[in-house]
Amino acid sequence: MSVAYQKKPVLRNVSFQVPEGKLIGIIGPNGAGKSTLIKAVLGLIPRLGGHVEIYGRPYKEQRSMVGYVPQRESVDWDFPTSALDVVMMGRYGHLGWFKRPGSAEKKAALDCLAKVGMADYADRQISQLSGGQQQRIFLARALAQDASLYFMDEPFVGVDAATEKAIITLLNELKMSGKTVLVVHHDLATVKEYFDWVLLLNVQLIDFGPVEDVFTKEKLQRTYGGRLALLDTGDQAPLIVDAR
């Protein structure tokens, strides 16, 4: 798959096959095309070439199997709606075009809010929530979709330590239930702790595979170039000093 903005390549010939039931980190420097990769897979931006298959079929035929958590900065948080209404949007794919959400959908949405520790905020306007609380609401919406495959764009950015811990706990629960989760992630220090597999990206695919095979000093240097400084600790887990 390739993507270009105003004739400038943003992704070039990126090709990979995702294993089922894994928690996968998408890693690379700013401008590497990480968010673009997710948006192109989901058909939110046009592709210059290539195609996407979800469980062997085109994405447009498999939308109900896919959940998406966008970057928090891309959402209009001033839109006048409650936390519960946002989460119930995740149930619309199960209703069809003409059915309105009822008590069953409301209960499912409340259960998802409870899973992210936000049940007490169901009636709160989303503009009144903190950044971490807003991120939890969008995670709850993704849970309400009951998808098989999840894409999450920088879910840990701008959240407090308690929210980050809650998010990674939730992601591991999704994985344990057989879900597949791909996460755009910036904190290289937590990659080995958080993920099973990692995709290294810088316009082109650098490597993709199990963390122990891919998250190495040599491959990180290829991905980040001069933007990454490493201390050689004598083992396979280089200490990251500066990842600006």
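Me: Which residues is Cys112 in contact with, leaving aside its neighbours within four places in sequence?
Reply: In this predicted model, Cys112 is in contact with Val87, Ala140, Leu143 and Ala144. Contact here means heavy atoms within 4.5 Å. Cys112 has its place in helix α4 (residues 103-115).

Me: How far apart are Cys112 and Ala144 in sequence and in space?
Reply: They are 32 residues apart in sequence, and their C-alpha atoms are 6.2 Å apart.

Me: Why is Cys112 called buried?
Reply: Its relative accessible area is 7%. Buried means under 20%, so Cys112, at 7%, qualifies.

Me: What share of the protein is buried?
Reply: Buried residues make up 49% of the 244 residues. The protein exposes about 12,600 Å², and carbon and sulfur atoms supply 49% of that area.

Me: What makes the pair of Phe156 and Tyr194 tilted?
Reply: The ring centres are 5.3 Å apart and the planes stand at 35 degrees. Centres within 6.5 Å make a pair, while planes under 30 degrees apart would be stacked and over 60 edge-to-face. An angle of 35 degrees fits neither of these, so the pair is tilted.

Me: Which parts does that pair tie together?
Reply: Phe156 lies in the loop between β7 and α6, and Tyr194 lies in helix α7 (residues 191-194), so the pair links parts that are 38 residues apart in sequence.

Me: How do you know whether Phe156 and Tyr194 are buried or exposed?
Reply: The relative accessible area of Phe156 is 9%, and that of Tyr194 is 10%. The limit for buried is under 20%, so Phe156 counts as buried and so does Tyr194.

Me: How many aromatic pairs are there by this rule?
Reply: The count comes to 4. Ring pairs also link Phe16, Trp197 and Phe208 into a cluster.

Me: Why are β6 and β10 described as standing at the edges of the sheet?
Reply: The open sheet has 6 strands in the order β6-β7-β8-β3-β9-β10, with mixed pairing. β6 (66-69) and β10 (204-210) each have a single partner strand, so one side of each is left without a neighbour in the sheet. From one strand to the next, the twist averages 15 degrees.

Me: How do you know that β7 and β8 pair?
Reply: Strand β7 (residues 149-153) is joined to strand β8 (residues 180-184) by 5 bridges, and the two run parallel. Pairing needs at least two bridges, so 5 bridges suffice. One of the bridge partners is Val184 in β8, matched with Asp153.

Me: Which helices lie against the strands of this sheet?
Reply: Helix α6 (residues 161-176) packs on the sheet, touching β3 (23-27), β7 and β8, with its direction at about 125 degrees to that of β3. Helix α9 (residues 217-224) lies across β3, β9 (197-202) and β10, running at about 35 degrees to β9.

Me: What makes Met152 stand out in the largest nonpolar core?
Reply: Of the 46 residues in that core, Met152 and Leu171 touch the most other members. Helix α5 (residues 131-145) gives the core its largest share, 7 residues. Not counting residues up to four places away in sequence, Met152 touches Ile38, Val69, Leu139, Leu171, Leu174, Val181, Leu182, Val183 and Val184. Another core, of 25 residues, lies apart from the largest one and has Leu37, Leu42, Tyr68 and Val184 among them.

Key: Residues are numbered from 1 along each chain as its sequence is written. This is a predicted model: local features need pLDDT of at least 70, side-chain atom pairs count only at pLDDT 80 or more; totals for chains, interfaces and linings use all residues. Side-chain values use heavy atoms; hydrogens and water are left out. Helices (H or I, at least four residues) and strands (E, at least two) are DSSP runs, numbered from the N terminus. Axes are lines fitted to C-alpha atoms, for helices over the stretch in contact, and angles run from 0 to 180 degrees between N-to-C directions. A nonpolar core is a set of buried Ala, Val, Leu, Ile, Met, Phe, Trp, Tyr and Cys residues joined through side-chain atoms within 4.5 Å. Buried means under 20% relative accessible area, exposed over 50%, partly exposed in between (1.4 Å probe, protein chains only). Rings of Phe, Tyr and Trp (its six-membered ring) pair if their centres lie within 6.5 Å; planes under 30 degrees apart count as stacked, over 60 as edge-to-face and the rest as tilted. Accessible areas come from the Shrake-Rupley method with a 1.4 Å probe; for residues, only the protein chains shown count as cover.
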